[in-house]
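Hi,

Here is the structure I promised to send over. Have a look, and my notes on what I found are just below.

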Amino acid sequence: MRFFEEKRSEVMKHIEKYMLEKMHDFLKPIDTIWQPADLLPDSSRDTFFNEIKELQESAQGLSYDLIAVLIGDTITEEALPTYESWLTMVDGVSKDEEGGWMKWTRYWTAEENRHGDLLNKYLYLSGRVNMRMMEVSTQYLIADGFDIGTGTDPYRNFIYTSFQELATNVSHRRVASQAKKQGDTLLSKMCGVIAADEARHAKAYKYFIEKIFEVDASEAMLAFEDMMRKKIVMPAHFLREVGLKIGQTFGHFTDAAQRLGIYTAVDYVDILKELIEDWHIESVTDLSAEAEKARDYIMKLPERLLRVAERMKNPMLEYKFTWING
């Protein structure tokens, strides 16, 4: 085990220089990137209350399931303290505050932090949400942490984040589309800019894994297989409301997303296919016998998962969230 940890630390040092070279392709300058204030009503203007009235009128037209999904997405975004602390514990991330990986983690967290700030303020102004109930769920999610099956292994962690950033891009993009159809152009714009951030971040983590495959292909393949056997769990899989046990609300949240087509089992398969293609899994060379078996499993997995997804029925059981007024 010690050997594998040392090897991974060496690989992390090796790809750190590539990360630093490309970092500014994946993250935007702080002074010029959008901020929540750019998209929200401005309380210093005379038009502030009229803008809130317009925001609330548009929000009234949003379906119950869409509000539920938006709240779940917001809580997920606001659990950033968990994600930042998790990334700093990964093997090969030097605890030196000036080190490249710590710099990446801080800057990535800083960009992500704007998402929860923006959506939280929108939900507060919308009048549709019991903010206290939502805030309790957010505090629970941060306090409960999460177990995503990666341990401190950088390979598994970056495979997870590659998948997860693509998933959040899909979710925010679809919420944007649904909001536009339901007459809320402001929310649509908000979710659209967040989705664009997630797409850039996905490119970063995919790039890190691409560089790992170049120098440690067999171990990267085994890590990919292991994560797919475990299945990629969402970062909010411990989601709960007041009086409920860990994870009891998560299923209702994902049911609402599935009903609306925001994020489905087919999307999970599509993301897996994208990673297989982007990491050139079919053509990776110099694999160990064990890694070859892992590749075979990965290559056959999308078809197997698609058959399962096609048999799944759309969840119709409606659920009343404590988060939503009325």
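For 326 residues, a compact globule should have a radius of gyration near 20 Å, and this protein comes out at 20 Å, which agrees. Keep in mind that this is a predicted model. Along its principal axes, the C-alpha trace spans about 65 × 50 × 35 Å.

As for the fold, there are 12 helices and zero strands. Among contacts between residues at least 6 apart in sequence, 84% join residues at least 24 apart.

On the inside, 54% of the 326 residues are buried. The largest nonpolar core holds 105 residues, and Trp-104, Phe-208 and Phe-224 have the most contacts inside it. Helix 8 (residues 185-215) is the top contributor to this core, giving 12 residues. If you want a place to zoom in, try Phe-224: leaving aside residues up to four places away in sequence, Phe-224 touches Ile-159, Leu-272, Leu-275, Ile-276, Trp-279, Ile-281 and Ile-298.

Helix 5 (residues 100-126) is worth a look too. Helix 5 reaches 40 Å from its first C-alpha to its last, close to the 39 Å expected for its 27 residues at 1.5 Å a residue. Of those 27 residues, 19 are buried, so helix 5 is largely enclosed by the rest of the structure. Just after helix 5 comes Gly-127, with a positive phi of about 80°.

And the outside? The accessible surface of the protein is about 15,600 Å², and 52% of that belongs to carbon and sulfur atoms.

Cheers

Note on methods: Residues numbered from 1 in each chain as written. Predicted model: local features only at pLDDT ≥ 70, side-chain atom pairs only at ≥ 80, totals over all residues. Heavy atoms only, no water. Core = buried A, V, L, I, M, F, W, Y, C linked by side-chain atoms within 4.5 Å. Buried < 20%, exposed > 50% of the residue type's maximum accessible area, 1.4 Å probe, protein only. Helix = DSSP H or I, 4+ residues; strand = E, 2+ residues; numbered from the N terminus. Contact = heavy atoms within 4.5 Å. Expected span 1.5 Å × (residues − 1). Rg over C-alpha atoms; globule rule 2.2 N^0.38 Å. Areas by Shrake-Rupley, 256 points an atom, 1.4 Å probe, with all protein chains shown as cover.
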